[in-house]
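User: I would like to learn how to read a protein structure step by step. Could you take me through one, giving the general idea each time and then the case at hand?

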Amino acid sequence: MSHCGPSAEELLRGNLEGIRLRMASACERVGRKPHEVLLVAVTKSVGPQTIRALERLGVTDIGENRVQDALAKQESLGGTLGLRWHMIGHLQTNKVRRALQLFERVDSLDSLHLAEELARRAAGVGKVVPVLVECNVSGEASKFGVRPAELPALLDSLMGLAHLRPEGLMTMAPYVENPEATRPVFAALRELLVKARAHTGLPLPHLSMGMSQDFEVAIEEGATMVRIGTALFKGVI
Ligand SMILES: *Cc1c(COP(=O)(O)O)cnc(C)c1O
């Protein structure tokens, strides 16, 4: 058999190093420290063996957007591998019970209805679930998430749900060719977070924003979590 260049794991290692360097440079440009930004590896397009490789390479956080996919992968891996699994997609209320078994946190809480079901199920298993409220800042009809105007009322409701712990906000920016065009969306989410802190008196430490296309701009605008798939798996799959 001929030698076919670098192995998938070597490619993954190189991609990961490149992303970590770009994250660190973005931090440096705005006077932030690299440890202030968490990389969430979005593994929806890869299989369990790649998740295993990520774990070996020091990745700590995994994002999946479908309960069924996370279930299949964790079954194949024999568990979570000690990784933190984030639910980052729209969660249907009929999958909440299962989601609580698979995910440590829900970064895409997008309605009061979902919050109430999550809290009810979390109470049933004695858990307190960290959540981020997904905001539809850009107002695109195709996106999940609450409109900025609805945020204060949702936060008020969340504070009455003892089994949820609100930790901040999340957004999906519209896809655009030039990542700079996304900057106003990220800046708007940061401002919503400032208002949400004042409104609730909670620390709300997290802003989950930025994907392969635009994570550097998101970090410059204050992201504490970036969710990256495509850039991480380039050439690997
Ligand atoms: C797929 C996905 C990502 C990652 O997007 P890439 O462009 O592949 O980096 C981030 N967040 C959510 C909610 C996703 O569904």
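Analyst: Let us begin with a single residue, keeping in mind that this is a predicted model. A residue counts as buried when its relative accessible area is under 20%, and Leu155, at 4% relative accessibility, is therefore buried. Leu155 belongs to helix α6.

User: Which residues does Leu155 touch, if its close neighbours in sequence are left out?

Analyst: When residues up to four places away in sequence are not counted, Leu155 touches Val133, Ala196, His199 and Thr200. Thr200 shows how the fold brings together parts of the chain, since Leu155 and Thr200 are 45 residues apart in sequence, while their C-alpha atoms are 7.2 Å apart in space.

User: Which other residues of helix α6 are buried, and where on the helix do they lie?

Analyst: The general idea is that an α-helix has 3.6 residues a turn, so residues three or four places apart point the same way. In helix α6, which covers residues 151–159, the buried residues are Leu151, Leu154, Leu155 and Leu158. Seen down the axis of α6, these buried residues fall within an arc of 100 degrees, so they line one face of the helix.

User: What do the buried residues of α6 pack against?

Analyst: They pack against strands β4 (105–109), β5 (129–134) and β6 (164–170), and also against helices α5 (112–124) and α7 (183–200).

User: How should I read a charged residue such as Arg105: is it buried or exposed?

Analyst: Here one looks at the accessible area and then at the partners of the side chain. Arg105, in strand β4, is buried, with a relative accessible area of 7%. Its side chain makes a polar contact of 2.8 Å with the side chain of Glu167. Leaving aside neighbours within four places in sequence, Arg105 is in contact with several residues, including Trp85, His86, Leu132 and Met225.

User: What polar contacts does the side chain of Glu221 make?

Analyst: The side chain of Glu221 makes a polar contact with the side chain of Arg183 (2.8 Å) and another with the side chain of Arg190 (2.8 Å). Glu221 lies in the loop between α8 (215–220) and β8 (225–228), and with a relative accessible area of 9% it is buried. Beyond the two arginines, Glu221 also touches Phe186, Ala187, Leu207 and Met209, again not counting residues up to four places away in sequence.

User: Is His35, which lies in another loop, buried or exposed?

Analyst: His35 is exposed, with a relative accessible area of 69%, and its place is in the loop between α1 (8–29) and β1 (38–42). The C-alpha atoms of His35 and Thr224 are separated by 9.1 Å, although these residues are 189 residues apart along the chain.

User: What can the backbone angle phi tell me about Leu81 and Leu204?

Analyst: One reads the sign of the angle together with the kind of residue. Leu81 has a positive phi of about 60 degrees although it is not a glycine, and Leu204 likewise has a positive phi, of about 35 degrees, without being a glycine. Leu81 lies in the loop between α3 (67–77) and β3 (84–87) and is partly exposed, with a relative accessible area of 25%. Leu204 lies in the loop between α7 and β7 (206–208) and is buried, with a relative accessible area of 2%.

User: Which residues are around the ligand?

Analyst: To read a binding site, one lists the surrounding residues and then looks at individual atom pairs. Among the residues around the ligand are Val42, Lys44, Asn65, Ile88, Met172, Ser212 and Arg227. A polar side-chain atom of Lys44 lies 2.7 Å from an oxygen atom of the ligand, and an N or O atom in the side chain of Ser212 is 2.5 Å from a ligand oxygen atom. For Arg227, a polar side-chain atom lies 2.9 Å from a nitrogen atom of the ligand. Taken alone the ligand exposes 390 Å², and the protein buries 87% of that.

User: How many helices and strands are in the chain, and how compact is it?

Analyst: The chain has nine helices and eight strands. Its radius of gyration is 18 Å, close to the 18 Å that the globule rule gives for 237 residues, so the chain is as compact as a globular protein of that length. Buried residues make up 47% of the 237 residues.

Notes
Residues are numbered from 1 along each chain as its sequence is written. This is a predicted model: local features need pLDDT of at least 70, side-chain atom pairs count only at pLDDT 80 or more; totals for chains, interfaces and linings use all residues. Side-chain values use heavy atoms; hydrogens and water are left out. Buried means under 20% relative accessible area, exposed over 50%, partly exposed in between (1.4 Å probe, protein chains only). Helices (H or I, at least four residues) and strands (E, at least two) are DSSP runs, numbered from the N terminus. The arc is that of the directions from the helix axis to the C-beta atoms. Contact means heavy atoms within 4.5 Å. A residue is near a molecule or strand if one of its heavy atoms lies within 4 Å of it. A polar contact is a pair of N or O atoms within 3.5 Å; within protein, one must be able to donate a hydrogen and the other to accept it, and residues adjacent in sequence count only if both atoms are side-chain atoms. Accessible areas come from the Shrake-Rupley method with a 1.4 Å probe; for residues, only the protein chains shown count as cover. The radius of gyration is taken over C-alpha atoms; the globule rule is 2.2 Å times the number of residues to the power 0.38.
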